[in-house]
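Colleague: Please take one part of this model and go through it closely, stating each cut-off once. Begin with how burial is defined.

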Amino acid sequence: MFLGLAIASSTAHAGHSKSQPELVISKVAEPDASGVASVELSLLNGGSENAATALPAQIAAELTLHGHTTAVFLERAPETPRALNVTSGGFVKARLFLAVAKRDRGGRDGSGCS
């Protein structure tokens, strides 16, 4: 399955500090039997100051599946803290989940993509 995922730019700066880490999707696992895919984010801090970033319970993203794009939400994994500290010039990883709709018999999925 070809799956493209992009975080909406309006949610990429969810923290409250001067220097905001950049959110980069570093890994998307194949969905498990229940249709949930694990998504690994890397928060990169290219700034000259440490950054405390709040990671919301949901992050808006765009999912591209077989050339069709739809809006989705990534859910913060229970083990991922709400607040992350990223040192100057450093990075941290965070794990989120994406529920990927299963295809029906007609080859369509519940996301509006076919």
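Modeller: Buried means under 20% relative accessible area, exposed over 50%, and partly exposed in between, with a 1.4 Å probe and protein chains only. Asn-45 counts as buried because its relative accessible area is 2%. The model is predicted, so local features need pLDDT of at least 70 and side-chain atom pairs pLDDT 80 or more, while totals for chains, interfaces and linings use all residues. Numbering runs from 1 along each chain as its sequence is written, and side-chain values use heavy atoms, without hydrogens or water.

Asn-45 is a convenient place to start. This residue sits in the loop that connects strand E3 (36-44) to strand E4 (51-54). Strands here are DSSP runs of at least two residues labelled E, and helices are runs of at least four labelled H or I, both numbered from the N terminus. Within that loop, a polar atom of the Asn-45 side chain lies 2.8 Å from the backbone nitrogen of Gly-47. For context, 32% of the 114 residues of the chain count as buried, and Asn-45 is one of the buried residues.

The strands on either side of this loop belong to a chain with eight strands and zero helices. Read from the N terminus, the order of elements is β-β-β-β-β-β-β-β.

Take E4, which follows the loop, next. E4 and E7 run antiparallel and are joined by four bridges; two strands are called paired if DSSP finds at least two bridges between them. Ala-51 has Val-86 of E7 as its bridge partner. In E7, the side chains of Leu-84 and Val-86 point to one face and are buried, whereas those of Ala-83 and Asn-85 point to the other face and are not buried. Val-86 therefore appears twice in this picture, as the partner of Ala-51 and as a buried residue of the alternating pattern.

On the other side of the loop, E3 carries Glu-40, whose side chain meets that of Lys-93 in a salt bridge, with N to O at 3.2 Å. A salt bridge is a side-chain nitrogen of Lys or Arg within 4 Å of a carboxyl oxygen of Asp or Glu. The two residues are 53 apart in the chain, with Lys-93 in strand E8 (residues 91-99) and Glu-40 in E3. Glu-40 is partly exposed, at a relative accessible area of 26%, and Lys-93 is partly exposed as well, at 47%.

The structure holds two salt bridges. Arg-95 and Glu-79 form one of them, their closest N and O atoms being 2.7 Å apart. Here Arg-95 lies in E8 and Glu-79 in the loop between strand E6 (68-76) and strand E7 (83-86), 16 residues apart. Glu-79 is partly exposed, at 49%, and so is Arg-95, at 35%. In general, side chains of opposite charge can pair when their charged atoms come close.

E8 also takes part in strand pairing. E6 and E8 pair in the antiparallel sense over two bridges, and Glu-75 stands opposite Phe-97 of E8. E6 is further joined to strand E5 (residues 58-65) by eight bridges, again antiparallel. In this second pairing, Leu-65 stands opposite His-68 of E6. The hairpin of E5 and E6 has two residues between the strands, and His-66 takes a positive phi near 55 degrees there.

Definitions and conventions. A polar contact is a pair of N or O atoms within 3.5 Å; within protein, one must be able to donate a hydrogen and the other to accept it, and residues adjacent in sequence count only if both atoms are side-chain atoms.
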